[in-house]
Amino acid sequence: SWDELRAEAREEKPTVVLTVSDSDGNVVRRLNGPVDAGVHRVAWDLRYPAMDPTNLEPSTEYSPYSDSPIGPLAAPGTYRVSLAKRVEGELTNLGEPHTFSTEALGTGSLPPPDREALLAFQEKTGRLQRAVLGAVKASAEVQRRLDHLKQALDDTPAADPALAAEARAIEGRLKDLEVALNGDAVVSGYNEPTPLSIVSRVQGIVSGHWTTTQGPTATHRRAYEIAAEEFAGVLSKLQTSVGDLQALEAKAEAAGAPWTPGRVPTWSPE
């Protein structure tokens, strides 16, 4: 029937899911396995998931100038992995969970750090990284909505010119936030030094010691303190700007502006 064909067209592809948990039962990582016939092997890199924004089309090309997103290393200890299949959104366990242990190789030239304290700092940094990189994406999304909205207001005869001025005011505040997040592109464009941005500080912590088994330096800890303090104010202002934009989009909708991203049209039968 047509209903059956629609259901088949909308069906999500089946997936094999491997779930890694620590000794306390907390999920550390979920990995997708192959679903083809035959025997397969899936490797866990002993890391927590990366906190970078979700990307449905990650690049498959290797770049020597940029690192792939990574999460913190899991501490040595006992873990458990379970296997399940997800068909039509429903998880079904396959077999029994297996327990395994991980150990530090002990080949580092520096004394081993307090691994629990190290993981706690990395997880704290990861939470800040998630929010900071998410704010960068949110800011770009707001800019895209503003670009469309300004054009839509120009194309709306009944729109008050004050609405366009309000859109440009929001855009100006947004540009200031982007400087704090990503750095001053205008000044650096003239090869002049600029203060470290929030993103630079956070990513510096991640690239500085997440690929080693040693603890963070005093510089890493200070960078976190500065980035966290600066980002708190930036995030609050970004949230305010988003609220202002939503209010402006409602005014544009009332004026009969063409559709723009972020809006759901209103309409009443006539």
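Here are short questions and answers on pockets, cores and strands in a predicted model.

Local features need pLDDT of at least 70, side-chain atom pairs count only at pLDDT 80 or more, and totals for chains, interfaces and linings use all residues. Residues are numbered from 1 along each chain as its sequence is written, and side-chain values use heavy atoms, with hydrogens and water left out.

User: How many bridges join strand β1 to strand β3?
Analyst: Strands are DSSP runs (E, at least two residues), numbered from the N terminus. Two of them pair if DSSP finds at least two bridges between them. β1 covers residues 15-22 and β3 covers residues 77-87, and the two run antiparallel. The number of bridges joining them is eight.

User: Which residue in β3 stands opposite V20?
Analyst: Two positions help to place β1 against β3. V16 stands opposite K85. For V20, the residue opposite is V81.

User: Are the residues of β1 buried or exposed?
Analyst: Buried means under 20% relative accessible area, exposed over 50%, and partly exposed in between (1.4 Å probe, protein chains only). T15, V17, T19 and S21 lie on one side of β1. V16, L18, V20 and D22 lie on the other. Both faces are covered, and eight of the eight residues are buried.

User: What is the bridge partner of S21 in β2?
Analyst: β2 spans residues 27-33 and pairs with β1 in the antiparallel sense, over six bridges. The two strands form a hairpin with four residues between them, where G25 takes a positive phi near 90°. The partner of S21 is V27.

User: Which residue of β4 stands opposite T78?
Analyst: Strand β4 holds residues 90-102. β3 and β4 pair in the antiparallel sense over ten bridges. Opposite T78 stands S101.

User: Which residue in the turn of the β3 and β4 hairpin has a positive phi?
Analyst: This hairpin has two residues between its strands. The residue in question is not a glycine, yet its phi is about 55°. It counts as exposed, at 62% relative accessibility. It is E88.

User: What is the relative accessible area of N191?
Analyst: N191 is another residue other than glycine with a positive phi, near 60°. N191 lies in the loop between α4 (185-189) and α5. Helices such as these are DSSP runs too (H or I, at least four residues). N191 is exposed, and its relative accessible area is 71%.

User: Which helix gives the most residues to the largest nonpolar core?
Analyst: A nonpolar core is a set of buried Ala, Val, Leu, Ile, Met, Phe, Trp, Tyr and Cys residues joined through side-chain atoms within 4.5 Å. This one has 32 residues, and L128, V132, L146, L153, I198 and F231 touch the most other members. α2, α3 (161-182), α5 (198-209) and α6 (218-254) each supply at least two residues. With ten residues, the top contributor is α2.

User: How many residues are in the other core, apart from the largest?
Analyst: The second core lies apart from the largest one. Its members include Y48, A74, Y79 and L119. The number of residues is eleven.

User: What is the volume of the largest pocket?
Analyst: On a 1 Å grid over the protein atoms alone, a pocket is an open set of points where a 1.4 Å probe fits, with protein on both sides within 12 Å along at least five of seven lines; lining residues have an atom within 4 Å of a point. Volume is the space filled by probe spheres set on the points, joined across faces, edges and corners. Of the 15 lining residues, D52, N55, P58, S59 and P69 are the closest to the centre. The volume is about 610 Å³.

User: Which helix supplies the largest share of the lining of the second largest pocket?
Analyst: The second largest pocket has a volume of about 440 Å³. It is lined by 23 residues, and L73, P76, A104, R115 and T213 are the closest to its centre. The largest share is four residues, from the helix of residues 115-154, which is α2.

User: How far apart in space are S66 and W259?
Analyst: S66 sits in the loop between β2 and β3. At 44% relative accessibility, S66 counts as partly exposed. S66 and W259 are 193 residues apart in sequence. From C-alpha to C-alpha, the distance is 38 Å.
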